[in-house]
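Please read these notes with the model open beside you. They are numbered so that each point can be checked in turn.

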Amino acid sequence: MDPPLVACARSMAPRVRRVASICTGAFILAAAGLLHQRRVTTHCGFSEALAVAYPSIEVDASLIFARDGNIYSSGGITAGIDLALALVEEDLGQEIALAVARTVVVFPRRPAGNPNSAPM
């Protein structure tokens, strides 16, 4: 883990409205102490490692993204797009989020299920 990056996350968190991680970025937030007693997600290939390394965190790899208070996490890189759209919707409303989704040609909300597994 990169100590300056962890320190930056720890120092910035109290000064921002919300904190978000994409994929394994949850490890940085965990190392910074920001995920204690929180429900988060990360890439399914790393969820067990996160849960073992930080037992005070509730890790749910079945989620596309998670929100616990002002902490957000996504299950992978593509799930980060889903999270970004949710943040746009939170800030600017559903109509703007739908317009953004159409512009970047993605589903406004992907169906439930494990976001980290793709059909072979």
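1. Start with Arg18 and Tyr72. The charged end of Arg18 sits over the ring of Tyr72, at 5.9 Å from the ring's centre. Keep in mind that this comes from a predicted model.

2. How many aromatic pairs does a search of the whole structure find? The search gives zero. The contact of a charge with a ring in point 1 is a separate matter: there, the partner of Tyr72 is the charged end of Arg18.

3. Next, look at the interior. The largest nonpolar core has 15 residues, and those that touch the most other members are Val19, Leu29, Leu34, Leu35 and Leu50. At least two residues of this core come from α1 (3-12), and at least two from α2 (26-31). The largest share is that of α2, with four residues. As background, nonpolar side chains in soluble globular proteins tend to be buried together.

4. Leu34 is a useful residue to select in this core. Which residues does Leu34 contact once its neighbours within four places in sequence are left aside? They are Ala9, Ala13, Val19, Leu29 and Ile71. Of these, Val19 and Leu29 also appear among the core residues that touch the most other members.

5. The cysteines deserve a check. The count of disulfides is zero. Why does Cys8 form no such bond? The closest cysteine sulfur to that of Cys8 is in Cys23, and the bond is ruled out because the two sulfurs are 20 Å apart, which is too far. Cys44 also has its closest cysteine sulfur in Cys23; the distance is 9.1 Å, so this too is too far for a bond. A disulfide would need the sulfur atoms within 2.5 Å.

6. Are Cys8 and Cys44 buried or exposed? Cys8 counts as partly exposed because its relative accessibility is 40%. Cys44, with a relative accessible area of 31%, is partly exposed as well.

7. Pro55 is found in the loop that runs between α3 (47-53) and β3 (58-59). Its relative accessible area is 68%, so Pro55 is exposed. Along the chain, Pro55 and Phe27 are 28 residues apart, and their C-alpha atoms are separated by 12 Å.

8. Finally, consider confidence. The average pLDDT of the chain is 91, and 92% of the residues score at least 70. Residues 114-120, however, have a pLDDT below 50; in the model this stretch makes 14 contacts beyond near neighbours in sequence. Where pLDDT is low, the predicted coordinates should not be read in detail.

Definitions and conventions. Residues numbered from 1 in each chain as written. Predicted model: local features only at pLDDT ≥ 70, side-chain atom pairs only at ≥ 80, totals over all residues. Heavy atoms only, no water. Core = buried A, V, L, I, M, F, W, Y, C linked by side-chain atoms within 4.5 Å. Buried < 20%, exposed > 50% of the residue type's maximum accessible area, 1.4 Å probe, protein only. Contact = heavy atoms within 4.5 Å. pLDDT = per-residue confidence, 0-100. Phe/Tyr/Trp six-rings, centres within 6.5 Å; stacked < 30°, edge-to-face > 60°. Lys NZ or Arg CZ within 6 Å of the ring centre and 35° of its normal.
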